[in-house]
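Student: I would like a close look at one part of this model, with the surrounding elements brought in where they bear on it.

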Amino acid sequence: MNLGVLAVLLVFVYVLSYNPFIVESFLPRHIRIGIEGLLLFLLIVISLNRKYISIDMFWFIPIILGHLCMIFFEISTLRELISSFGKLAFLLLNVELLIRNQRALQSCTKIWIQLSYFLCIITIIAFVGYNSSIISFVPTTLGTLLNGGDAASSYYYFNHNILGNITPRQLFGINLGRVSGFMYEPGYLAFFLGFNILVARDWIDATRLRKRFVWLNVVAGIATISTTFFLFFTFYFLAKGIKSKGNSKVIIARRIVFLTLAVFFIVLILKSGYAGQTSGSDRLDQIVSYSSLVVNNSWLSFLFGNGVGVIGINSGWIKVFIEQGAALLVILVTLFARLTKHNRWLMLYVFYCSFALNLFFIPLFLFLISISYAYSFEKKSQLSNTNAGQINYKMAGTK
């Protein structure tokens with residue numbers, strides 16, 4: 001039990017020490033590696049103390065084989081692959097911890113929900129404060145914040161010591177600030193706020209509290225002015241409105257409102273010129289520029305990639321395919337489909353956002369995936385026990 005509590009605390013230290021949080025740039029690399037190594041060792045010890053392991057742990061086999069092939073065929077070195085392997089190992093070991101330790105699962109969920117409330121509140125305050133000029137933000141770069149360091153110095157922000165960072169943008173000629181808070185980019189913050197919206201029904205039982213949590217994340221997500229967030233949740237709420245049961249005037253009115261909002265947001269993004277200010281066009285240019293690597297790939301490069309770090313691109317699917325090959329890409333597609341299929345909207349959201357963001361090796365993303373899956377595993381176990389009890393009861397009645 002003490003190891004489980006220690007693991008939960010160390011998990012949050014680990015998650016907050018890495019991308020997408022800008023804390024990563026302020027912590028020396030050897031400290032972050034030390035935190036990751038200690039956590040993986042602790043999770044392995046906990047797993048070995050179990051009498052049996054879940055079937056999900058067998059995912060280690062294809063992952064290990066894939067990484068060994070990249071080393072054997074000299075596509076990437078062991079040093080280059082340690083980071084990606086460590087992140088996937090964390091995912092599988094954390095899944096094992098959470099599905100076997102309900103106390104750890106509940107603690108992780110409660111802490112993340114409270115942290116999410118904090119992130120939402122400061123995001124909304126920062127957005128209102130900056131765009132109303134009530135709160136002063138200082139122009140700076142991440143390199144300046146690092147006392148002259150050149151790491152990620154291309155990130156330009158308006159900074160507030162308490163509320164974090166704002167990225168300036170224009171919408172219909174109006175200067176607006178996109179909130180990134182304490183993450184590198186607004187898109188990352190928007191993704192995790194959207195994640196909260198889709199899994200709230202599993203994490204929060206009380207209807208009133210769940211609705212409050214969802215709408216707080218919706219408002220905070222809007223404050224990031226993320227086109228990825230806007231597009232997905234416009235169609236998400238539209239689909240929810242259309243699927244509402246009944247034909248009452250209220251439901252029909254709700255459908256009309258959602259449809260109108262969907263059309264409005266799409267026209268807004270297309271006509272305002274805002275899309276040209278986002279990173280979308282840069283990502284498309286990057287994909288085109290690296291397409292020659294795919295066209296000229298040998299069968300070996302197609303299967304196991306061209307080497308970690310050969311491209312600088314945010315698209316998760318494209319990055320994995322070009323750098324680590326189709327073999328690992330298939331493994332990741334299958335793995336994340338399994339871990340999210342209990343929530344079809346979540347699965348769609350993860351696959352959709354991974355075209356814009358490189359999420360697969362971000363500890364916070366892997367942490368939240370493991371929590372969501374652990375809850376679905378718990379529900380299946382409860383359902384199986386209930387069905388087994390009903391069968392035994394009927395058999396006893398027959399006798």
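How many residues of the lining of the largest pocket are nonpolar, how many polar and how many charged?

Tutor: This is a predicted model, in which local features need pLDDT of at least 70 and side-chain atom pairs count only at pLDDT 80 or more, while totals for chains, interfaces and linings use all residues. Residues are numbered from 1 along each chain as its sequence is written, and side-chain values use heavy atoms, with hydrogens and water left out.

The lining of the largest pocket comprises 21 nonpolar, 11 polar and 10 charged residues. Here Ala, Val, Leu, Ile, Met, Phe, Trp, Tyr, Cys and Pro count as nonpolar, Asp, Glu, Lys and Arg as charged, and the others, Gly among them, as polar. A pocket is an open set of points on a 1 Å grid over the protein atoms alone, where a 1.4 Å probe fits, with protein on both sides within 12 Å along at least five of seven lines; lining residues have an atom within 4 Å of a point. The volume of the largest pocket is about 1,300 Å³, taken as the space filled by probe spheres set on the points, which are joined across faces, edges and corners. Of its 42 lining residues, Glu 24, Ser 83, Ser 84, Lys 87 and Phe 361 are the closest to the centre. Two or more lining residues come from each of α3, α4, α5 and α15 (316–340), helices being DSSP runs of H or I with at least four residues, numbered from the N terminus. The largest share, 11 residues, belongs to α5.

Of these elements, α3 can be followed further. It covers residues 29–48, and its 20 residues reach 29 Å from first C-alpha to last, close to the 28 Å expected at 1.5 Å times one less than the number of residues. Its buried residues (under 20% relative accessible area, with a 1.4 Å probe and protein chains only; exposed is over 50%, partly exposed in between) include Arg 32, Glu 36, Leu 39 and Leu 43. Seen down the axis of α3, the buried residues fall within an arc of 160°, so they line one face of the helix; the arc is that of the directions from the axis to the C-beta atoms. The buried residues of α3 pack against α1 (2–16), α2 (23–26) and α5 (78–100), where contact means heavy atoms within 4.5 Å. His 30, Phe 41 and Leu 48 are exposed on the face turned away from the buried side.

Between α4 (60–72) and α5 lies a loop that holds Glu 74. Glu 74 is not a glycine, yet its phi is positive, about 55°. Glu 74 is exposed, with a relative accessible area of 73%.
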